[in-house]
Amino acid sequence: MITTSTALTVAKYLFGASVAATTLAAGGLWFFQRHLIYPGYVPDGSRKFVPRPIELGMPYEDITLTTRDKVKIKAYVIPSRKDPVLTDQLRHLNKKQREELGEKETEKWLGEMGDEKAVEYAKSRPTVVFFHANAGNMGHRVPLARKFNVDCRCNVFMLSYRGYGLSEGRASEHGIRIDIETAMDYIKSHPILGDTKVVLYGQSLGGASCLYAGSRYRDMVSGIILENTFLSLPSLIPLVLPQLPKFLLPILLTEHWDAHHTMPLIPSTTPMLMIAGKNDDLVKPPQMIALRHLRAGAGGQLKWKELDGGHNDTCLQPEYWGIIGEWMKDEIENNPLNLAHSEKKEKEEEEESESSSNDDYQKVTKEEVLEAKKEL
């Protein structure tokens with residue numbers, strides 16, 4: 001028979017074990033959160049080997065950008081061409097034959113860049129800015145870029161954030177925001193891409209990046225595509241680490257990517273497409289549904305689609321590219337109200353009316369902090 005003293009002793013040990021587990025989880029989150037949130041080292045070799053567009057028949061520019069905090073980040077620019085290499089031309093080629101084809105296509109493309117008609121064609125097509133998900137690098141998404149470039153006839157800009165691929169530095173929310181700004185400024189000044197309609201595309205972390213870019217470059221963005229994106233890291237992490245007490249998150253978490261701060265700054269008239277995998281077991285469906293409600297609550301334009309996919313294979317579902325292609329034609333290419341110029345005017349009017357700070361992202365954050373304090 002267990003005595004009262006023994007029961008109390010066991011209870012103390014269990015309580016101690018519980019506290020220890022919580023402490024370890026909390027400590028792990030504090031010290032290793034960026035390592036866990038931004039696994040640029042996964043899969044093996046991701047920091048050394050970055051697949052190139054030419055391996056799939058797409059000539060490209062290999063770009064190195066220097067951010068304002070002196071970090072060198074890598075990017076690809078894949079221009080739209082009238083006569084790209086079609087999938088059927090690649091399907092039965094081995095690696096060596098693809099390399100030979102790539103060399104020939106690069107030579108053709110260099111000649112095309114001196115042809116005014118080829119340049120004007122590229123300028124007439126939308127540009128998709130591709131922000132990738134948490135793991136891997138931009139090269140791992142080249143097959144998806146090919147769908148945009150060849151099937152949708154778009155220019156494509158791809159970026160490896162700091163700490164990913166061959167880019168320097170270590171990833172953080174603050175640092176990736178700087179990378180995004182550097183990329184968007186480059187696109188704006190590019191002799192071809194700067195004259196095109198810009199569409200942001202992102203999966204998971206890439207979707208959060210899209211929302212930030214869309215909130216900062218409202219006059220430049222013509223549309224946004226989000227796939228399996230989270231509402232915020234504070235709302236997502238308790239689902240991934242349920243053993244961590246929620247009250248510790250505001251103390252420990254340095255990475256937020258909170259759509260409550262970015263979504264309201266995106267013009268309601270900017271077309272947005274959300275694609276959610278119903279079987280996503282990482283960013284669970286309620287996260288995307290919450291994003292949907294956040295956008296709808298602000299009266300924003302939105303097209304919503306759910307597919308039978310998980311976190312990493314939604315883009316492989318048969319309907320996926322048909323949905324994107326139809327949306328691109330309806331909302332970007334054939335939309336007479338596409339907002340590049342009107343949003344620029346709106347931005348100028350907003351800047352004239354602002355009396356203190358023109359940093360809307362920080363302004364909204366401060367307002368929400370003050371509002372939260374009132375409720376306490």
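Is Tyr161 buried or exposed, and what is its relative accessible area? Tyr161 is buried, with a relative accessible area of 0%. Here "buried" means under 20% relative accessible area, "exposed" means over 50%, and "partly exposed" is in between (1.4 Å probe, protein chains only).

Before the points, a word on the model. This is a predicted model, where local features need pLDDT of at least 70, side-chain atom pairs count only at pLDDT 80 or more, and totals for chains, interfaces and linings use all residues. Residues are numbered from 1 along each chain as its sequence is written, and side-chain values use heavy atoms, with hydrogens and water left out.

1. **Helix H6.** Let's start with a helix you can find easily by its numbers: H6 covers residues 173–189, which makes 17 residues. (Helices are DSSP runs of H or I with at least four residues, strands are runs of E with at least two, and both are numbered from the N terminus.) From first C-alpha to last, H6 reaches 25 Å, close to the expected 24 Å. That expected span is 1.5 Å times one less than the number of residues. Of the 17 residues in H6, 13 are buried, so the helix is largely enclosed by the rest of the structure.

2. **A salt bridge inside H6.** Have a look at Glu173 and Arg177, which form a salt bridge with their closest N and O atoms 3.2 Å apart. A salt bridge here is a side-chain nitrogen of Lys or Arg within 4 Å of a carboxyl oxygen of Asp or Glu. Both residues sit in H6, four residues apart, or about one turn of the helix. Both are buried as well.

3. **Helix H7.** Next comes H7, residues 205–216. Its twelve residues should span 16 Å at 1.5 Å a residue, and the end C-alpha atoms are 17 Å apart, which agrees. Eleven of the twelve are buried, so H7 too is largely enclosed by the rest of the structure. Among the buried ones are Leu205, Cys210 and Tyr212.

4. **The hairpin.** Strands S1 (residues 61–66) and S2 (residues 72–78) pair in the antiparallel sense over six bridges. Two strands count as paired if DSSP finds at least two bridges between them. To pick out one bridge, try Thr64, whose partner in S2 is Lys74. Five residues lie between the strands of this hairpin, and Lys70 takes a positive phi near 65 degrees there. A handy thing to know when you look at strands: in a regular strand the side chains alternate between the two faces of the sheet.

5. **Salt bridges across the chain.** The whole structure has 17 salt bridges. One of them joins the side chains of Glu255 and Arg34, at 3.1 Å from N to O. This pair links distant parts of the chain, 221 residues apart: Glu255 is in the loop between helix H9 (249–252) and helix H10 (259–262), and Arg34 is in helix H1 (residues 4–37). Glu255 counts as buried at 1% relative accessibility, whereas Arg34 counts as partly exposed at 41%.

6. **Arg81 and its network.** Arg81 forms a salt bridge with Glu105, the closest N and O atoms being 2.9 Å apart. Arg81 lies in the loop between S2 and helix H2 (87–90) and Glu105 in helix H3 (residues 95–112), so the pair ties together parts 24 residues apart in sequence. Arg81 and Glu105 are both buried. They also belong to a network of salt bridges that links Arg81, Glu105, Lys108 and Glu112.

7. **Aromatic pairs.** There are seven aromatic pairs in the whole structure. Phe148 and Trp321 form an edge-to-face one, 5.0 Å centre to centre with 80 degrees between the planes. Phe148 is in helix H5 (residues 142–151) and Trp321 in helix H12 (residues 320–333), so this pair ties together parts 173 residues apart in sequence. Trp321 counts as buried at 15% relative accessibility. Back to our opening residue: Tyr161 pairs edge-to-face with Tyr164, at 5.6 Å centre to centre and 80 degrees between the planes. (Rings of Phe, Tyr and Trp, using its six-membered ring, pair if their centres lie within 6.5 Å; planes under 30 degrees apart are stacked, over 60 edge-to-face, and the rest tilted.) Finally, ring pairs link Phe130, Phe148, Tyr201, Tyr320 and Trp321 into a cluster.
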